[in-house]
Amino acid sequence: MKLKYAGILTAVSILLYGANANAGMLFDLYAGATIGAGAATVFSDGTEETHSAQSYGAVIGLDIPVFRFELEYDYMQPNNANLHLGMINAYAKLPTPIINPYLGGGVGNIFGGKVADIDVESSVAYQAMLGATFDIPVLPIKVDAEGRALYAPDFYNILDEKPDLLQYELRLKLRYIF
């Protein structure tokens, strides 16, 4: 009699574990952090000025087999500026087993910060990303390595000039899958 119950318990455990694993195959919710380094160029009245730049951020998103969607917050520091940025991103990816190459784009807003003690106006921003996701097989963690280009037109106003910002960087993103 005990063998019968042990067999039923084992079968139910395997079915529940398999159903849980299959549910994760449809979509994954995730949260993560980003860090990036590169350069930023400010274009103003025919002149351009380039300096090193870095960014730090957080993301939450939804990962499905071919697409990924996320909300992103970034704190960027190009030269003597501190900028806050919110983005909505979409990615198309190749569903390969361990390494997934992807191409993405995003639109958002620079919503605060300062450039040389001048307040930054709210400005639209666009970005494009090209990268690869590395899946760590045993852990619920994925690592993204990507190149990103961000463009923000007229991101602040100084003496009736409205310069444009182009930031390009290499980024690492660590995502925890729930």
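**Rings and charges across the strands**

Okay, let's start with one ring: Phe 111 is partly exposed, because its relative accessibility is 48%, which sits between the 20% limit for buried and the 50% limit for exposed. Before I go on, keep in mind that this is a predicted model.

So, the overall picture. The chain has one helix and nine strands, and the helix comes before the strands as you read along the sequence. It has 178 residues, and 35% of them count as buried. Now look at contacts with a separation of 6 or more: 57% of those are between residues 24 or more positions apart.

Back to the rings. How many aromatic pairs does a search of the whole structure find? Four. One of them is Tyr 73 with Phe 111, a tilted pair with 6.3 Å from centre to centre and 40 degrees between the planes. Tyr 73 sits in strand β3 and Phe 111 in strand β5, so this pair ties together parts that are 38 residues apart in sequence. Tyr 73 is partly exposed too, at 33%. Then there's Tyr 176 with Phe 178: the planes are at 85 degrees and the centres 5.3 Å apart, so we call that one edge-to-face. Here Tyr 176 is partly exposed at 42%, while Phe 178 counts as exposed at 64%.

Now the charges. There are 13 salt bridges in the structure, and I'd like to follow Arg 171. One partner is Asp 74, with the closest N and O atoms 3.8 Å apart. Arg 171 is in strand β9 and Asp 74 in strand β3, so that bridge spans 97 residues of sequence. Are these two residues buried or exposed? Both are buried.

Arg 171 also forms a salt bridge with Glu 146, again with 3.8 Å between the closest N and O atoms. Glu 146 belongs to strand β8, so this pair ties together parts 25 residues apart. Glu 146 is buried as well, at 5%.

Next door in my notes is Arg 175, which meets Asp 144 in a salt bridge at 3.0 Å, N to O. That pair links strand β9 to strand β8, 31 residues apart. Arg 175 is buried at 1%, and Asp 144 is buried at 0%. Glu 146 joins Arg 171 across strands β8 and β9, too. Shared partners join Arg 175 and Asp 144 with Asp 63, Arg 68, Lys 93 and Lys 142 into one network.

And Arg 68 brings us back to rings: it lies over the face of Tyr 91, 4.1 Å from the ring centre, and over the face of Tyr 102, at 4.9 Å.

How values were computed
Residues numbered from 1 in each chain as written. Predicted model: local features only at pLDDT ≥ 70, side-chain atom pairs only at ≥ 80, totals over all residues. Heavy atoms only, no water. Phe/Tyr/Trp six-rings, centres within 6.5 Å; stacked < 30°, edge-to-face > 60°. Helix = DSSP H or I, 4+ residues; strand = E, 2+ residues; numbered from the N terminus. Buried < 20%, exposed > 50% of the residue type's maximum accessible area, 1.4 Å probe, protein only. Lys NZ or Arg CZ within 6 Å of the ring centre and 35° of its normal. Contact = heavy atoms within 4.5 Å. Salt bridge = Lys/Arg side-chain N within 4 Å of Asp/Glu carboxyl O.
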